[in-house]
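Hi there,

Here is the structure I promised to pass on. Have a look at it first, and my notes follow below.

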Amino acid sequence: MPFVVLSTVVDNSVDNSADPLYTTRQDSMNLIWTNALKVIEAKMSDQNFDLWIRPLRFIRYSGSDLTLMAPNPYLKEWFEDNYLRSVQVEIFNQTQQEVAIHVLVDEMSPPTSPTSVESTSILGVDPGPGNEPKPQPAATGMIPGQRIAAHQGAAHSFLNDRYRFDNFVVGPSNQFAQAASELVAQMPGTKYNPLFIYGGTGLGKTHLLQAIGHSLLDQHPGWNVTYITAERFMNEFINSLRLGKMEEYRERYRDHCDVLLVDDIQFMAGKDRTQQEFFHTFNALHEKKKQIVITSDKFPNQMPELEERLKSRFTWGLIVDIVVPELETRVAILQNKADMDDIGLPNDVAHFLAARIRSNVRELEGALIRLAAFSSLQGRPITVEFAQQILQNMLSRNSGQVTIERIQREVSAYFNIRPKDLKSSRRPRSISYPRQIAMHLCRKLTPASLAEIGRQFGGKDHTTVLSADKKIKRLVQEDEATGQSVEALERILTG
Ligand code: ADP
Ligand code: MG
């Protein structure tokens, strides 16, 4: 039972001083956590607090990351969906620092523990049909707008201090996006306005967006650099409407921003009034030559529920993408993160993780955090075997690795053709089009060379692969059906 040594969230009495990771900073962060809990506890019903918050354990604090441990995946998910934000707000209120919260799952927690999902209820008491504990929306009274209020005039604190250009590892997968971001930070409002960064989750879009913000604030400390997620933009909009404060809201964004950084614009798809509001904000800022940077998990044309006039504006400036980093970049990202957090990460373990976790940098970092936390808790060195043991679940989820054969299998199933057609030289569009998509996906999702891909498609020339890749890249942007097919296939392949 490796976790009995842990203090519970509200109990600071356990002595962790023998553990080097529990430095003074750990103690003070534990105190911050405990204080935040007290405020949150006062705002929640006892039942909800006992259910969803109390079982979390404080693990460690490093820089602006706080790691907690949940006794089961269910609690983790519920906490993240319903309470995480409120906790961030409370911690911000105390420290004026944004904190990223990571919740690990204690996979060794016995399944019969009172807080486990397997027990009749999460409390170990059968609530009876229809009486499941319904957590009240914890966010009430602690809505995102509160953060805004707390941050007024202090845009810096919106930004995670770790998301700077210095900490961003550049490789072929993100080179162009990184260069464009640096350029925008050097010459805001001139050449590339807006800058639109798109790419899959966990690939560094928010990091780059905030790096632009940091760099601009470093150069122009008096500027109002506003970083906002599209979701928060919408929530504030709704609240302003409700409270009759639209004028203030508009002023804040249209008149007082020197730079507007909008994260995850795809969230606005289908939200017509928010889009309308954003459209006018965009125009007002653009006219005044104020820099706008937008991130999205999709290319503008791949969002059917986004107004045409917005999409067209997004193409006024520069659109750049970030794709899955290749192995070397993944290793470098891990090493960079380990250095920042003073985690001793041996080379072979870095390679092992990078080779096994491919498609998402956030997950890669999550693996490292988990490894470091468990190594510190159990007093065991970080080795490949230890990683295999601790990350078992994560690794098996990633083991469905994207290979050329898998892509061929999925693509042929998707288009209802035979895998061997993909390898043939048959030319009808019903076959050549899926073949080109498959080649494009091989380029995007596997590290294989053009020649290797050509070989596995029945001995095609590398130029055939290259032109297929180019064609599909273009179609993804111009043709909605292609965009959707490629996206669906990517989702199938990368989970
Ligand atoms: P996204 O916004 O695209 O979903 P994030 O910007 O939140 O992704 O990145 C996820 C995590 O991965 C962050 O902690 C970020 O710092 C890290 N990360 C992603 N790409 C890089 C990179 N090239 N160098 C260093 N860290 C990276
Ligand atoms: Mg993001």
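In this predicted model, a nitrogen atom of ligand 1 has a polar side-chain atom of Asn174 at 3.3 Å. Two oxygen contacts go with that: a backbone N or O atom of Gly202 lies 2.6 Å from an oxygen atom of ligand 1, and a polar side-chain atom of Arg362 lies 2.9 Å from an oxygen atom of the ligand. On its own, ligand 1 has 560 Å² of accessible area, and the protein covers 93% of that.

The shell around ligand 1 holds 17 residues, with Val169, Gly202, Thr206, His207 and Glu365 the closest. By type they split into 6 nonpolar, 8 polar and 3 charged. Helix 7 (205-219) and helix 14 each contribute at least two of them. Because domain 2 (146-322) and domain 3 (327-397) both give residues to this shell, ligand 1 lies between the two domains.

Asn360 may interest you too. It sits in the loop between helix 13 (347-356) and helix 14 (361-378). Is Asn360 buried or exposed? With a relative accessible area of 16%, Asn360 falls under the 20% limit and therefore counts as buried. Its side chain has a polar atom 2.7 Å from the backbone nitrogen of Arg362, and the side chain of Asn360 also reaches the backbone nitrogen of Glu363, at 3.2 Å. Leaving aside residues up to four places away in sequence, Asn360 touches Thr201, Gly202 and Leu203. Two of these names come up at the ligand as well: Gly202 and Arg362.

Best wishes

Note on methods. Residues numbered from 1 in each chain as written. Chains lettered and ligands numbered in written order. Predicted model: local features only at pLDDT ≥ 70, side-chain atom pairs only at ≥ 80, totals over all residues. Heavy atoms only, no water. Helix = DSSP H or I, 4+ residues; strand = E, 2+ residues; numbered from the N terminus. Buried < 20%, exposed > 50% of the residue type's maximum accessible area, 1.4 Å probe, protein only. Polar contact = N/O pair within 3.5 Å; in protein donor to acceptor, adjacent residues only side chain to side chain. Contact = heavy atoms within 4.5 Å. Near = heavy atom within 4 Å. Areas by Shrake-Rupley, 256 points an atom, 1.4 Å probe, with all protein chains shown as cover. Nonpolar A, V, L, I, M, F, W, Y, C, P; charged D, E, K, R; others polar. Domains from an automatic or database assignment.
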